[in-house]
Amino acid sequence: LLEDKSLIPSSLLSLPHHSQEKFECFDCHKAYYTFSGLAKHKQLHCEWQCHRYFNCKYCDKEYVSLGALKMHIRTHTLPCVCKLCGKAFSRPWLLQGHIRTHTGEKPFSCPHCSRAFADRSNLRAHLQTHSDVKKYQCKSCSKTFSRISLLSKHEEAGCCPLS
């Protein structure tokens with residue numbers, strides 16, 4: 001497993017093969033009689049099972065990568081602040097979308113009709129209304145809809161099937 005013996009401290013190489021000395025994994029504290037047994041464990045098992053967690057200081061969430069923790073911490077610190085109203089956001093793109101509520105800018109236009117939207121996700125949802133696939137059906141009148149929200153709105157408006 002470890003071809004390069006120079007990576008192993010010389011003090012460990014001199015130990016008898018079945019020494020009573022134990023080599024302990026710092027992550028999971030499993031003990032091995034040989035350094036090579038510990039090395040094999042680290043390489044094959046502990047790399048996946050004994051990873052360290054990074055804990056959020058604001059809540060009890062934990063993450064396996066420091067990058068993921070840093071992204072999460074932004075939800076607590078809200079570093080992106082609107083200069084017009086003071087509302088804070090975790091991501092610059094969320095702030096940018098919010099600023100459009102002040103400016104009225106709607107840069108995302110539907111290629112099928114004249115409607116425009118402030119963010120791409122609302123345009124994407126709208127585009128489904130132009131789709132031939134209408135997979136949501138009213139149980140009362142059998143009218144079909146491309147989005148569940150449109151079906152819900154239809155039902156809340158009081159669908160009355162023709163008798």
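This report walks through a predicted model of a protein chain, from its overall make-up to a few individual residues.

## The chain as a whole

Let's begin with the broad view. The protein chain has 163 residues, and 21% of them are buried. Its secondary structure comes to six helices and 10 strands.

How are the contacts spread along the sequence? Counting contacts between residues at least 6 apart in sequence, 5% join residues that are at least 24 apart.

## A pair of aromatic rings

A good place to zoom in is the chain's aromatic pairing, where the count is one pair. The partners are F23 and F35, and their arrangement is edge-to-face. Their ring centres are 6.1 Å apart, with 75 degrees between the planes. That angle is over the 60 degrees needed for edge-to-face, so the pair earns this label.

Which parts of the chain does this pair bring together? F23 belongs to strand β1 (residues 23-24) and F35 to helix α2 (residues 35-49), so the pair ties together parts that are 12 residues apart in sequence. The two rings belong to residues in separate accessibility classes: F23 is buried, at a relative accessible area of 10%, while F35 is partly exposed, at 23%.

## The largest pocket

Next, have a look at the largest pocket, which holds about 290 Å³ of space. It is lined by 15 residues, and those closest to its centre are W93, G97, R100, A118 and D119.

Which elements give two or more residues to this lining? They are α4 (92-103) and α5 (120-127). Helix α4 provides the largest share, with seven residues. Sorted by class, the lining has five nonpolar residues, six polar ones and four charged ones.

## H98 in helix α4

Helix α4 is also home to H98. Is H98 buried or exposed? Its relative accessibility is 11%, and because the cut-off for buried is under 20%, H98 counts as buried.

Leaving aside residues up to four places away in sequence, H98 touches C82, C85, K87 and F89.

## Helix α3 and the residue that follows

Helix α3 covers residues 66-77, which makes 12 residues. From its first C-alpha to its last it reaches 16 Å, close to the 16 Å expected at 1.5 Å a residue.

Just after α3 comes L78, with a positive phi of about 45 degrees. This is a positive value in a residue other than glycine. L78 sits in the loop between α3 and β5 (80-81). Its relative accessible area is 31%, and L78 is partly exposed.

## Another positive phi, at S142

Where else can you find a positive phi in a residue other than glycine? One example is S142, with phi near 70 degrees. S142 is in the loop between β9 (136-137) and β10 (144-145). With a relative accessibility of 44%, S142 counts as partly exposed.

Note on methods. Residues are numbered from 1 along each chain as its sequence is written. This is a predicted model: local features need pLDDT of at least 70, side-chain atom pairs count only at pLDDT 80 or more; totals for chains, interfaces and linings use all residues. Side-chain values use heavy atoms; hydrogens and water are left out. Rings of Phe, Tyr and Trp (its six-membered ring) pair if their centres lie within 6.5 Å; planes under 30 degrees apart count as stacked, over 60 as edge-to-face and the rest as tilted. Helices (H or I, at least four residues) and strands (E, at least two) are DSSP runs, numbered from the N terminus. Buried means under 20% relative accessible area, exposed over 50%, partly exposed in between (1.4 Å probe, protein chains only). On a 1 Å grid over the protein atoms alone, a cavity is a set of points where a 1.4 Å probe fits but cannot get out, and a pocket is an open set with protein on both sides within 12 Å along at least five of seven lines; lining residues have an atom within 4 Å of a point. Grid points are joined across faces, edges and corners, and a volume is the space filled by probe spheres set on the points. Ala, Val, Leu, Ile, Met, Phe, Trp, Tyr, Cys and Pro count as nonpolar, Asp, Glu, Lys and Arg as charged, and the others, Gly among them, as polar. The expected span of a helix is 1.5 Å times one less than its number of residues. Contact means heavy atoms within 4.5 Å.
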